[in-house]
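Dear colleague,

I am passing on a structure for you to look at, and below it you will find a description of what turned up. Please keep the sequence and the model open beside this message while you read.

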Amino acid sequence: RRSSDLLKRFFLNIFDVIQIMSAPPGCMTRCGGTGPVKAATPEVQELCNQIRSELEQKTGKNYTELTAHSYKSQVVAGTNYFIKVCCGDEWLHLRVFRPLPCNGGQPSLHSYQVSKTEEEEIHYF
């Protein structure tokens, strides 16, 4: 049993290496991971608009500006959006979950990070 488990892990590791080696350049995202950083789209801005009141409630602030700058996404049972936003003179990172249309529901603010900069990379959180 132990040797069959070791053999199974060996072949799974080989399979992972083959997938990585055969991936096109710049396409090293693993299944379930986030995609590359992209410029914000009108759809991403609309997500920010939809969760604005939730963000203001959680932070205790009223934002006169909430402009999506860039984002990464992750497909799960819906989509997680990791969005860099400009809020006047401060930058935030938002994690917004949008459920699959078949499951209904509205986008929701999963979490957020404060004290970010325009140059700071968006990471999974």
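A good place to begin is a single pair of residues: A68 stands opposite V85 in strand 3, where a strand is a DSSP run of E with at least two residues and a helix a run of H or I with at least four, both numbered from the N terminus. This is a predicted model, in which local features need pLDDT of at least 70 and side-chain atom pairs count only at pLDDT 80 or more, while totals for chains, interfaces and linings use all residues. Residues are numbered from 1 along each chain as its sequence is written, and side-chain values use heavy atoms, with hydrogens and water left out.

The pair above belongs to a longer pairing, since strand 2 (residues 67–76) and strand 3 (residues 78–87) run antiparallel and share 9 bridges; two strands count as paired if DSSP finds at least two bridges between them. A hairpin with 1 residue connects strand 2 to strand 3. On the other hand, strand 1 (residues 38–39) is joined to strand 2 by 2 bridges, also antiparallel, and here K38 stands opposite Y71. Further along, strand 4 (residues 90–99) pairs with strand 5 in the antiparallel sense over 6 bridges, with V96 opposite L109.

Taken together, the 5 strands form an open sheet in the order 1-2-3-4-5, with antiparallel pairing. Its edge strands are strand 1 and strand 5 (108–116), each of which pairs on one side only. In general, strands of a sheet pair through backbone hydrogen bonds, either parallel or antiparallel.

The protein chain also has 2 helices, and along the sequence the pattern reads α-β-α-β-β-β-β. Helix 2 (residues 42–59) lies across strand 2, strand 3, strand 4 and strand 5, and runs at about 80° to strand 5, an angle taken between N-to-C directions on a scale from 0 to 180 degrees, with axes fitted to C-alpha atoms, for helices over the stretch in contact.

Of the 125 residues, 31% count as buried, that is, under 20% relative accessible area with a 1.4 Å probe, protein chains only.

Finally, a word on confidence: the chain averages a pLDDT of 84, and 74% of the residues score at least 70, where pLDDT is the predictor's confidence in each residue, from 0 to 100. Over residues 26–30, however, pLDDT stays under 50, and the model has 5 contacts beyond four places in sequence for them, a contact being heavy atoms within 4.5 Å.

With best wishes

Definitions and conventions. Buried < 20%, exposed > 50% of the residue type's maximum accessible area, 1.4 Å probe, protein only.
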